[in-house]
Protein chains: 2
Amino acid sequence: MCSNTFYFCSYTYKFNLQRYAILAANEESMRSYTIKDIAKLADVSAGTVDRVIHKRGKVSDKALQKVNAVLAQIDYEPNIIAKSLKNQKVWVIAVLIPDIETDEYWMQVYDGVREFEKEYKGFGFKVAVDSFSSLDAASFIKASAAVLKLQPDALLLAPLFLHESITFANELAETGTPVITINNEIEEVHPLTFIGQNLIESGRTAGSLIHRCSRNLQDIFVIHISEDPVNASHMTTKSQGIKDYFKDKDVLIHDLKINAYHQNYLDQVKSISNVPDTTSFFITTSKAHQVAVEIKEWSPGAVIVGYDLIPENVALLKTGDIDFLINQNPSKMSFEGLMRFTDKFLFSKELAPHYYLPIDIINAENVRSYLSS
Amino acid sequence: MCSNTFYFCSYTYKFNLQRYAILAANEESMRSYTIKDIAKLADVSAGTVDRVIHKRGKVSDKALQKVNAVLAQIDYEPNIIAKSLKNQKVWVIAVLIPDIETDEYWMQVYDGVREFEKEYKGFGFKVAVDSFSSLDAASFIKASAAVLKLQPDALLLAPLFLHESITFANELAETGTPVITINNEIEEVHPLTFIGQNLIESGRTAGSLIHRCSRNLQDIFVIHISEDPVNASHMTTKSQGIKDYFKDKDVLIHDLKINAYHQNYLDQVKSISNVPDTTSFFITTSKAHQVAVEIKEWSPGAVIVGYDLIPENVALLKTGDIDFLINQNPSKMSFEGLMRFTDKFLFSKELAPHYYLPIDIINAENVRSYLSS
DNA sequence: TAGCAAAATGTGTTCGAACACATTTTATTT
DNA sequence: AAATAAAATGTGTTCGAACACATTTTGCTA
């Protein structure tokens, strides 16, 4: 029936006489080995095979060898479907991220959480989301206490507040709760793994875009528009990246911290309004839309690079007020973070120390291709 | 146990007294409704509920109404896990793509196929891959005959050869075999859906990069390096895209078709070697590495934009000989294509006419972030 | 109203893994 | 060799959906 010009990918299909003997009758011969198959091949009962596989003892040397001999020959992988159906184990995963109601960026992170839950609910994953204000460390402490009270099986954490996150991580370590961090890579939290961009590379990428697209580039302003400049580790790392990129080049780089919620934040921007047209701008947060139009009025030749595909930024990308946006893949960040828990709990896989996400370069021409998917 | 500061995402958790009555005893109350739950609520047997859900008739009006009343109130979604375990239906999906042994780009496509099979094997999806030479329409015809003989449940097709693909599509339509196309969007094939880049947008993106990064741009050469320029629909569409981008701008665009397997293909490139430094280059295939170094020798200020993250191109991106690559996401293309079959077969979802993939802009700084994932 | 077919409804089995529990085999002691 | 404990092995049930098959109920006719 099957033309032999076809590659059947599945590696369990290495030809094997014993397997053939058992499954030959079935033309479709698609099934994997089951515990019963192995039991028949080893001439023992399913229970014995099960005990060997799970190392639960109570097996004689003779039976152990018979089963191991079979296992060595075939490529047994337990059927996750059946496993999940039987187990009915519920893994409660807490997710702690900022401001899902007000901040568009974190809403996109939340989208990834929802997508995950929809897809993996059937496998026993329950997600409990709590949020805190990125303006207010106290709200983070309160929320983290709630997480400790919930006693989840695991936690996906956006460690925005440096010190508070480290304290929290220590408390979680005591209860043995595994943590995966997203967005901010903080070593002292010692997560199972980190999911997010390599922010040095991200800053370097911004630098390369400014470098290639600016005419007569002399100065770059790195603008940190944020609520809380104290805990802004991810902004300073981006700044480090762009400085790294330009370190052998004849360009001056200036850092400027602006509090986005001050009434007069535009005044702070205006203080640099007398800059010449040989200056470009790198805004390290998703707030580029708050200053891009003004900057382009003062220096039309400036290149402006910002972060994140939030609607306000996308609109200014299309009008040409923002030249490039770097997409941090917020929904992928949370989704992949949660996926690592399935790797751990469902497949007992080892996790890499970090999974760096792609640094997507977005301009007016390719932005649509990122919004639809 | 659960702090009410948490959002439980799952929409089946809307509070519901009847559900509560059944599941209250279970503190974890995570389970979804089962057919037995519904049977109990509607005061009928599981078999009757099953007949109502699957519209298999043999149900009295009274019972139908009782069950429907319950179904209207709760949010029943069958457990895919149990469904998959029971069904044991095997879906054989044929995959027909070019040259998986020799062409790096198509090998990456094949990676996506392998990843899919690994992940969805448990759900009954079996993948049979056949390949053809992109140089040789006859090999495509031969391979397509093999697919027809295999009689798969579905086909993932890269329709490189225009006419042959249309003929093939008609034959498949007769046997009722659903087709999803990737890479080349050919309307006449009438696939269930198409997965790949919107090539007009892709060409426009290349244009925008050249436009922003070139000094004193006057001419652009669009170079089609390929084996078979006759069936090169995807190249001409990219060319159309870049022309579209520059249509109101004062730039001349020249098309140049080169046969990559001719001994003297470099001579063809040399015929344009007297171009001034005000010229940039857009290579519409993955063969940018075959000409980039030469071009940069002749005109160091040229901007070169190519396609695909194959090792040869990546190396030249790092040396600066290629300025930008556009990543077509080959592995995602095949994976997502096959995923649409799971949507169809497992979840009976409706498919959109096309799923356009992101147009990734890659340069020397962000390329690493794409290679590791 | 008995008789009987047709319609409606309920029950039991299957898928593969996991584990409790029952049964058999082996080893040890009297 | 019989008694008994201990170890080894096998069997049966569960998870939820699906469907074959068994059983019950209904409607109709003689």
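**Entry 1, the DNA side.** I began at the backbone of chain B, where a polar backbone atom of B:Ile35 lies 2.7 Å from a phosphate oxygen of DNA strand D. A note to self: this is a predicted model. I then found a second phosphate oxygen contact, with a polar backbone atom of B:Asn79 at 3.2 Å. For the bases I turned to A:Arg51, and an N or O atom in its side chain is 3.0 Å from a base nitrogen of DNA strand D.

Next I asked which elements give two or more residues to the surface near DNA strand D. I got α3 (46-53) and α5 (80-87) of chain A, along with α5 (80-87) of chain B. By class, I noted eight nonpolar, eight polar and eight charged residues on that surface.

I also looked up who comes nearest among the 24 residues around the strand: A:Ser45, A:Ser60, A:Lys86, B:Ile35 and B:His54. Of the atoms of DNA strand D within 4 Å of the protein, 63% belong to sugar and phosphate.

**Entry 2, the sheet in chain A.** Here I traced an open, mixed sheet of six strands, ordered β8-β7-β9-β10-β11-β13. I see β8 (252-259) and β13 (360-362) at its edges; each has a single partner strand, so one side of each lacks a neighbour in the sheet. Neighbouring strands are turned by 20 degrees against each other on average, direction ignored.

I checked one pair more fully: β7 (residues 219-226) runs parallel to β8(A), joined by eight bridges. In that pairing I noted A:Ile225 opposite A:Ile258 in β8(A).

Helix α10 (residues 233-245) packs on the sheet, touching β7, β8, β9 and β10, and I read about 170 degrees between its direction and that of β7(A).

Key. Residues numbered from 1 in each chain as written. Chains lettered and ligands numbered in written order. Predicted model: local features only at pLDDT ≥ 70, side-chain atom pairs only at ≥ 80, totals over all residues. Heavy atoms only, no water. Pairing = 2+ DSSP bridges. Helix = DSSP H or I, 4+ residues; strand = E, 2+ residues; numbered from the N terminus. Axes fitted to C-alpha atoms, helices over the stretch in contact; angles between N-to-C directions. Contact = heavy atoms within 4.5 Å. Near = heavy atom within 4 Å. Polar contact = N/O pair within 3.5 Å; in protein donor to acceptor, adjacent residues only side chain to side chain. Nonpolar A, V, L, I, M, F, W, Y, C, P; charged D, E, K, R; others polar.
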